[in-house]
Amino acid sequence: MDVSREHERDEGPAQKVSVSMPASRIAAVKARVGARGFSAYISAAVERQIQRDLLDELLQASDDETGPIPQAMTDRAVEAFRVAEALAASENDGESEQDSQGDPTWRDRAAG
């Protein structure tokens with residue numbers, strides 16, 4: 001059975017299964033969604049994990065085919081994210097910068 005295709009079909013009747021997990025985790029889920037939403041919450045969590053597993057498999061296949069991402073490129077990406085986080089943090093601090101014509105910068109414009 002191809003699990004990657006089988007999980008995409010959320011069709012048909014649900015099946016009851018027994019799953020063991022720590023009582024504290026069960027209580028945390030029930031506190032968030034109530035007893036009636038428990039199964040849906042767990043099903044969604046399993047679906048997210050399957051998606052992550054499939055993504056990991058795809059990334060591994062890509063690495064096997066093309067090799068790993070060069071460290072210099074990884075370092076540039078990390079730095080770009082740091083800069084973006086710093087800009088977002090300064091936006092959240094209420095700073096409103098303006099360009100040389102007195103117009104708000106791109107950060108203050110809504111996406112169109």
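## Burial and surface

Only a small share of this predicted model is shielded from solvent: 6% of the 112 residues in the protein chain count as buried. The accessible surface of the chain adds up to about 9,900 Å², and carbon and sulfur atoms account for 53% of that area.

## Fold and confidence

The protein chain holds 4 helices and 0 strands. Read from the N terminus, the order is α-α-α-α.

How confident is the predictor in the protein chain? The average pLDDT is 83, with 73% of the residues scoring at least 70. Confidence is highest in helix α2 (residues 23-33), where the mean is 96. Helix α1 (residues 3-6) sits at the other end, with the lowest mean, 53. Where pLDDT is low, the predicted coordinates should not be read in detail.

## Around Phe-38

Now for a residue to click on in your viewer. Phe-38 belongs to helix α3, which covers residues 38-66. Is Phe-38 buried or exposed? Phe-38 counts as buried because its relative accessible area is 19%, and the cut-off for buried is under 20%.

Which residues does Phe-38 touch, once neighbours within four places in sequence are left aside? The contacts are Met-21, Ile-26, Val-29, Lys-30 and Val-33. For one of these partners, Ile-26, there is also a backbone distance: the C-alpha atoms of Phe-38 and Ile-26 are 8.6 Å apart, while 12 residues separate the two along the chain.

## A nonpolar patch

Leu-55, Leu-58 and Leu-59 together make a nonpolar patch of about 300 Å² on the surface. Leu-59 is located in helix α3. With a relative accessibility of 48%, Leu-59 counts as partly exposed, so it falls short of the exposed class, which requires over 50%.

## The salt bridge

How many salt bridges are there? The count is 1, and it joins the side chains of Arg-82 and Glu-79, with an N to O distance of 3.7 Å. That pair qualifies because the nitrogen has to be within 4 Å of the carboxyl oxygen.

Both partners lie in helix α4 (residues 71-92). Arg-82 and Glu-79 are about one helical turn from each other because they are 3 residues apart in that helix. As for their surroundings, Arg-82 counts as exposed, at 51% relative accessibility, whereas Glu-79, at 42%, counts as partly exposed.

How values were computed: Residues are numbered from 1 along each chain as its sequence is written. This is a predicted model: local features need pLDDT of at least 70, side-chain atom pairs count only at pLDDT 80 or more; totals for chains, interfaces and linings use all residues. Side-chain values use heavy atoms; hydrogens and water are left out. Helices (H or I, at least four residues) and strands (E, at least two) are DSSP runs, numbered from the N terminus. Buried means under 20% relative accessible area, exposed over 50%, partly exposed in between (1.4 Å probe, protein chains only). Accessible areas come from the Shrake-Rupley method with a 1.4 Å probe; for residues, only the protein chains shown count as cover. pLDDT is the predictor's confidence in each residue, from 0 to 100. Contact means heavy atoms within 4.5 Å. Patches are made of residues with over 30% relative accessible area and no salt bridge: like charges are joined within 9 Å, nonpolar side chains (Val, Leu, Ile, Met, Phe, Trp, Tyr) within 5 Å.
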